[in-house]
Amino acid sequence: MKYNNSYYFSLIFLIAINSWCFSGYSQNFTQTIKGTVYDKNTELPLPGVTIILTGTNPLIGTISDNNGSYSIKNLPVSRYNIQASFIGYEVFNRENIMLSSAREMVINIFMEEKVYNAKEVIVKAYKNKALPINAIATVSARSFTVEETNRYAGSFGDPARMASNYAGVVSMSTERNDIVIRGNSPIGLLWKLDGVEIPNPNHFGVMGTTGGPITILNYNFLSQSDFFTGAFPAEYSNALSGVFDLNMRTGNKDRHEYWAQMGWNGFEVGAEGPIWKSKQATYIADIRYSMFEVASKLGLDFYTPIYSDFTFKLDFPSQKNSKTEVFAIGGKSLMKLWDSYNDSTEWTYSNAGEDITFGSGFACFSVSNTKFFNKKTRLKTNLSIIYSENTSKNDTFYLTPEIKVLQYGEKSKELKYSLSGKLKFNVSKKNYFETGYYLDVFDLSLKDSVYRNGGFQKLSNTAGTMTMYRHYLQMKHKFNAVLSFNFGVNVQYLFFNQSFSAEPRMGFIWKISNTHSLSLATGLYSQMQPRTVYFYQTQIGVNQYIETNRNLDFSKSIHVVLGYDYFINEDTRLKAESYFQYLYNIPVKKEGFPEYSLINAGGDYWVGRQDSLVNKGTGKNIGIDITVERFFKNNFYYLLTMSLFNSNYKGSDGIVRNTTFNQNFLVNILGGYELIVKDKNFVTFNIKNVFSGGKRYVPIDLVASSIAGETVYDWSNAYEKRYNNFFRTDIRIGYKINRRKASYEIATDLQNITNSKQPFLKTYDPTTNKVKSKLQFGFLPMLTIKVEF
C-alpha cells in the first residue's frame, strides 16, 4: 500500500461535508475569552488583576474577581493579544490567541512576583514568549502551546514530533517519534502528565523505550506545557536527556462543547463541560480509533496496524481552599506484519519470511488533591496506577525446506503504583522554596523466549516487585531584578539492589540589559535501567538460568550548559546554548562483546539487551544549539534552528567510538503565513525543511555472512559510518471556517514531499550475496478534518 488508506477516507468525508460547511452567509460571529489568574509559584488565584486585549480600539478589558476568574464576552472572531497587570507582579503577555466561533477560549494566566533592585529601578526587558512555566528553570527550557503542537508542518498534533523542530532535538525516523536530545538515547527522556510520570505514551511502544509511530497523547487536552533539553531542575529525576512536562486543561465550566476529528491519529469524538455549575466542577473526555479499525468494523479487511485510545479529566474545585482532579488515559494497539501475505520477492529476507504479531497497551489512572494552606503555601498530593504491556510473536518460514518455526514470543506486563507530593512555599518576593517526593512500586511479570539451537531459551522469566523512593529540595533566590540563582538536590534509592544517588543542581540567570541575558546551569542526573534489562537471563545449563544484571547501578550524567539570549526586537530572538555532558556508569558487556553499550539502545522497536553487564561504560556529548525565532505576529512566523554536536562512548575495551545517535549536525527551517478571509475564516500555510546527518550504523560483514549464510555484523567498525545526509520537506495547508455555532478545520499534511528515504533495516541476501535494504516511508499525504460545536 503506497498511500495511507485514511487519506482516502478523509477525502470521502471532506466531500460529504463540503456543501454544509461552506454554505454560510456573511455575518459577524462572537465568542468569549476567559480563564483564571494565578500566582506562578503558589498557584493561588489572584483577584483584582487588570486584563486587557491590547490593540483593540476602543480598549477592551476586565478585572479578575475574588476567585481570580475573568471573562471577556462578545468578541468578534479574530486573533487577540492578552495582557495582565497587577501591583507587585511582572506584566503577563500572551499574543496571537485565535478565537473561533465554536468554543470559548480559556486562557489561564500565571503571574510572577516582581523584584526591584536597590534603587527601585525596574529593568524593562522584552518578554520571552517561550518562557517556561516552571519557576526554577534556568536554561534549555521553553514552553509550547497547543496551537504550536498542531501548527508546525509534519507534527500531526504530536508533542514529540513538534519538539523535533527545536534546537538540539533530532527525530530518529519518519516512521517513529523517538527523539534524540543532544546526542542522548531516547531512553533518557522523561514524560510527565499533570505531574504524573508515565511510561512510553505511544501506540506500539516497547517497554523501556519512549517513542513509537502514533502518540496516545491527545493535543485537544493539552494546555501550555514545558519541554527541557538538559540541565533541568531537581524536581525532575530518573532521566538523563530531557523532560516533557505536559499539563492537561480542564473542561469548560459554563457550557457543554463538542468536537469530532479524523486524520493521522485516527477518528475521534470528544466533549467537555460543567458537571455541577454551582460548584464549578467540569469534565473533558475523548475516545479515538484508528482509521483502519473503523474500516474493519465496516467490513473492510486491512492487514495494517489498528489502535484505539481514550482520555478524560474531571476537576472538582472546593470552597475550602482545595481542589481535586481525576484523570485517566489509555490505549491499546495491535500490528500484524506478515510476510505470508506477500510474494516471496517482498519478504524481509530473500530465503525466509517473518510473520510478526505485536501488541502493546498502556493505561494510567490518577487522583490528585491540592491544598492551599495560605497565600504563600500549597501542597499537591497525587496517587496513580499505571499499567503497560507488550505481547509479541514471531514466526519464521523458509523456502527450502518449507517449514514454519516459532522464533520468538513475549508476554510482559508492568503495574506501577505511585504516590507523590509537592510542597511549594513562596517565602518572599525574592525567595521561593519547593520540596517533594516520589514513591514508586513496580509489580512486574516479564516473560520472553527465543528459539536457539533446537530449543527455546528463556530470555526473561520473572514475577516480582521493585520499589524506588526519590526526594528533592529546590529553591530560587532573586538578588535583584537582573540576577537570580537557583539550587536543588535530588536523592533516589532503588530498594531492589540498593542503588543510591545524590544529585546537586544549580543555575544562574543574569539579565545584562533589556535585550541581552546570560544563563548557566549544571547538575548531576541519574536513571535506573529499563526494568527488562535487570531481569535478562544467562543460560548455564538445560533449563538453568541466572540473572546477571540484577546489581546494575544507575546510569549517570553530568550536565553543564551556558546560554545566551538576545532579543533583536520584541518579536524576534536569537538564542545560543553550548553544552557538555559526561555520562558514566553506563552498562557495557563484561567480556566477549566490547563494542556493546546500553547508551546506543532505545531508537527502535526493541531494546538490545545483553547479559553479564557492568557499569563501566562512559560517554560524552558536546555541542552548540542556535535558534533564531520570529514569534507569530502580523500573520506570519519563522523558526530557524541549527545544532552542531559530537556524541561518543567507550565500551568495555576503552576504545572511543561514535554513538549510533551521532549525526553531527541538524538544520531546521520552518515558517508559516495566515490569511484572513472575510474577517472570520483563516487560511494557513506552513512549511518545514530538515537537513541532517544520517544515522550511524554497524556494517554487515559480507564475507562472514556468506560463510554463515545469514547476516553477520562487523562490530569492529561499529558506528564509524553514517547513512547519507538527509533532506526532507513537509508542508501543511489548512482552512478554518467559522459559523455561528460551529467551526470547521480542514488541513492537508504533505509529509516528506521530497520523498527522501533512509534505510530502516539492512540484511544479508544469501541468494544474491549482497546487502539488502528496507527503506523508511517516503512521501505521505494526510487529510485532517475537525468539527467543533
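1. A salt bridge, as the term is used in this note, is a side-chain nitrogen of Lys or Arg lying within 4 Å of a carboxyl oxygen of Asp or Glu. By that criterion K476 forms a salt bridge with E112, the closest N and O atoms being 3.7 Å apart. K476 belongs to strand β27 and E112 to the loop between β8 (109–111) and β9 (141–144), so this pair ties together parts that are 364 residues apart in sequence. Both partners fall under the 20% limit for buried residues: K476 counts as buried at 13% relative accessibility, and E112 counts as buried at 17%. Please keep in mind that the model is predicted.

2. A search of the whole structure finds 43 salt bridges, and a second one that deserves attention is formed by the side chains of D254 and K34, with an N to O distance of 2.5 Å. Since D254 sits in the loop between β17 (242–246) and β18 (257–263), while K34 sits in strand β1 (residues 30–39), the pair ties together parts that are 220 residues apart in sequence. The two partners are covered to unlike degrees: D254 is partly exposed, with a relative accessible area of 37%, whereas K34 is buried, with a relative accessible area of 5%.

3. In a third pair, the side chains of D309 and R288 meet in a salt bridge at 3.0 Å, N to O. This pair links distant parts of the chain, with D309 in strand β21 (residues 306–318) and R288 in strand β20 (residues 281–289), 21 residues apart. D309 is buried, and R288 is buried as well. Elsewhere, salt bridges that share partners join R103, R249, R255, E257, E272, K786 and E788 into one network.

4. Turning to internal space, the structure holds 10 cavities of 30 Å³ or more, and the largest cavity contains about 570 Å³ of space. Its lining is made up of 34 residues, of which I198, P199, N200, G208 and R531 lie nearest the centre of the cavity. Sorted by class, the lining of the largest cavity has 13 nonpolar, 14 polar and seven charged residues.

5. Which elements each supply at least two residues of the lining of the largest cavity? They are the strands β12 (189–193), β13 (196–198), β23 (352–372), β24 (377–398), β25 (404–425), β26 (431–452) and β27 (455–478), together with the helix α5 (531–534). Of these elements, β27 also carries K476, the partner of E112 discussed at the outset, and β23 carries D355. D355 is buried, with a relative accessible area of 3%, and the C-alpha atoms of D355 and K114, which are 241 residues apart along the chain, are separated by 63 Å.

6. On the surface, F487, M506, F508, L520, I558, V560, L562, F580 and I622 form a nonpolar patch, with about 700 Å² of accessible area together. The elements that give two or more residues to this patch are β29 (499–511) and β33 (555–569), and β33 gives the most, with three residues. F487, one of the patch residues, lies in strand β28 (residues 483–494). At 32% relative accessibility F487 counts as partly exposed, because that class covers values between 20% and 50%.

Conventions: Residues numbered from 1 in each chain as written. Predicted model: local features only at pLDDT ≥ 70, side-chain atom pairs only at ≥ 80, totals over all residues. Heavy atoms only, no water. 1 Å grid on protein atoms, 1.4 Å probe; cavity = no way out; pocket = protein on both sides within 12 Å on 5 of 7 lines; lining within 4 Å. Points joined across faces, edges and corners; volume = space filled by probe spheres on them. Helix = DSSP H or I, 4+ residues; strand = E, 2+ residues; numbered from the N terminus. Nonpolar A, V, L, I, M, F, W, Y, C, P; charged D, E, K, R; others polar. Patch = residues over 30% accessible without salt bridge, like charges linked within 9 Å, V, L, I, M, F, W, Y side chains within 5 Å. Areas by Shrake-Rupley, 256 points an atom, 1.4 Å probe, with all protein chains shown as cover. Buried < 20%, exposed > 50% of the residue type's maximum accessible area, 1.4 Å probe, protein only.
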